[in-house]
Amino acid sequence: MRSLCILLLGAGAAAAHPVSFQEAWQLMLGGTESVQNFEIYHSYTSKTAFGFHAMRFEDEGDDDYYTGLQHNWLLKRWNLPEAQANVYLGLGAGMAKQDGDSAAPAGLGFFRADYETRRIYTAFESKLIGSEDVSRGVTSLSFGVAPYKAEFEQLNTWIILQLEHVSGMEDDLDVIPKLRFFKGPYFVELGCSLDGEPLLNFMIHF
């Protein structure tokens, strides 16, 4: 059952599964040219995690930055015979700034819901950051299929289409086809938007 859960967690891990197994650490970093993300969390129970989150948003003028501490909750998990569904909430507090300005107190809100089998993956995620001078949001909807079933120790492959909106960016909606690979605790995601912007994500559990 643990292996099945890890497999299902791995399917959705790129979009930042914010809680892992009890006493596990997870490091996630990556993004696109427009948005970069760094997160590290310690799951001190199977339903709660605490850690550090940093983001950079590219702008036509000055870039925006956020750094802060974050607490995540697994609000609900449905473990089905061949599937899993999860609902997560995260709240953060830190500092945000634009290039050339002083940092100001900022808050972060995060919501994620997903449903995964070993062949199908769907997820909705929304992240909002606000301060006196910075207001940013990232909302995405993802659909994925696995061309084959693989065990936890084998190479797992997913083909995913992600629709993403980043508030404050020039384009209203990005369409990002991508490939997701994971084997054991390691995870890599490679993609490119239809506008030609590359995407790279990496994650490890330890």
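**Exercise 1. Follow strand E11 and its partners.**

E10 and E11 pair in the antiparallel sense over six bridges; work out which residues face each other here, and which E11 side chains are buried. Keep in mind that this is a predicted model.

*Solution.*

Step 1. Start on the E10 side. Phe-182 has Phe-187 in E11 as its bridge partner. The link between the strands is a hairpin with two residues between them, and Gly-184 there takes a positive phi near 60°.

Step 2. Go across to E12. E11 and E12 run antiparallel too, joined by seven bridges. Glu-189 is matched with Asn-201 in E12. This hairpin has five residues between its strands, and Gly-196 in the turn has a positive phi of about 90°.

Step 3. Now read the side chains along E11, residues 186–192. They alternate: Phe-187, Glu-189 and Gly-191 point to one face and are buried. Tyr-186, Val-188, Leu-190 and Cys-192 point to the other face and are not buried. So much for the pattern; notice that Phe-187, the partner of Phe-182, sits on the buried face.

**Exercise 2. Put the strands into the whole fold.**

How many strands close into the barrel, and in what order?

*Solution.*

Step 1. List the elements. The protein has one helix and 12 strands, and from the N terminus on they run α-β-β-β-β-β-β-β-β-β-β-β-β.

Step 2. Check the closure. 12 strands make the barrel, in the order E1-E2-E3-E4-E5-E6-E7-E8-E9-E10-E11-E12, with antiparallel pairing. From one strand to the next the twist averages 15°.

Step 3. Zoom in on one pairing. E9 (residues 156–166) and E10 (residues 174–183) are antiparallel over nine bridges. Across that pairing, Gln-162 stands opposite Ile-176 in E10.

Step 4. Look at overall dimensions. The C-alpha trace spans about 50 × 40 × 25 Å along its principal axes. Of the 206 residues, 49% count as buried. Among contacts with a separation of 6 or more, 44% come from residues 24 or more positions apart.

**Exercise 3. Find the hubs of the nonpolar core.**

Which residues of the largest nonpolar core touch the most other members, and which strands supply the core?

*Solution.*

Step 1. Pick out the hubs. The largest nonpolar core has 26 residues, and Met-55, Phe-57, Tyr-66, Ile-129 and Trp-158 touch the most other members.

Step 2. Trace the suppliers. Strands E2 (35–42), E3 (48–57), E4 (64–80), E5 (83–98), E6 (104–117), E7 (120–131) and E9 each give at least two residues to this core.

Step 3. Take one hub apart. Leaving out residues up to four places away in sequence, Ile-129 touches Met-55, Phe-57, Tyr-66, Gly-107, Leu-108, Val-134, Ser-135 and Arg-136. Met-55, Phe-57 and Tyr-66 from that list are hubs as well.

**Exercise 4. Sort out the aromatic pairs.**

How many aromatic pairs does the structure hold? Then take two of them and say how the rings sit and how exposed they are.

*Solution.*

Step 1. Get the count: there are four aromatic pairs. One of them is Trp-25 with Phe-206, which is stacked, at 6.4 Å centre to centre and 10° between the planes.

Step 2. Place the partners. This pair links distant parts of the chain, 181 residues apart: Trp-25 is in strand E1, and Phe-206 is in the segment after strand E12 (198–205).

Step 3. Check exposure. Trp-25 has a relative accessible area of 37%, so it is partly exposed. Phe-206 comes in at 52%, so it counts as exposed.

Step 4. Move to Phe-111 and Phe-124. Their ring centres are 6.4 Å apart and the planes are at 55°, so this pair is tilted. Phe-111 is in strand E6 and Phe-124 in strand E7, 13 residues apart.

Step 5. Check exposure again. Phe-111 has 34% relative accessibility and is partly exposed; Phe-124, with a relative accessible area of 34%, is partly exposed.

**Exercise 5. Locate Gln-22.**

Where does Gln-22 sit, and which residues is Gln-22 in contact with?

*Solution.*

Step 1. Gln-22 lies in the loop between helix H1 (2–11) and strand E1 (25–32).

Step 2. Setting aside neighbours within four places in sequence, Gln-22 is in contact with Ser-43, Tyr-44, Thr-45 and Ser-46.

Step 3. For a distance, use Thr-48, 26 residues away along the chain: the C-alpha atoms of Gln-22 and Thr-48 are separated by 8.4 Å.

Definitions and conventions: Residues are numbered from 1 along each chain as its sequence is written. This is a predicted model: local features need pLDDT of at least 70, side-chain atom pairs count only at pLDDT 80 or more; totals for chains, interfaces and linings use all residues. Side-chain values use heavy atoms; hydrogens and water are left out. Two strands pair if DSSP finds at least two bridges between them. Helices (H or I, at least four residues) and strands (E, at least two) are DSSP runs, numbered from the N terminus. Axes are lines fitted to C-alpha atoms, for helices over the stretch in contact, and angles run from 0 to 180 degrees between N-to-C directions. A nonpolar core is a set of buried Ala, Val, Leu, Ile, Met, Phe, Trp, Tyr and Cys residues joined through side-chain atoms within 4.5 Å. Buried means under 20% relative accessible area, exposed over 50%, partly exposed in between (1.4 Å probe, protein chains only). Contact means heavy atoms within 4.5 Å. Rings of Phe, Tyr and Trp (its six-membered ring) pair if their centres lie within 6.5 Å; planes under 30 degrees apart count as stacked, over 60 as edge-to-face and the rest as tilted.
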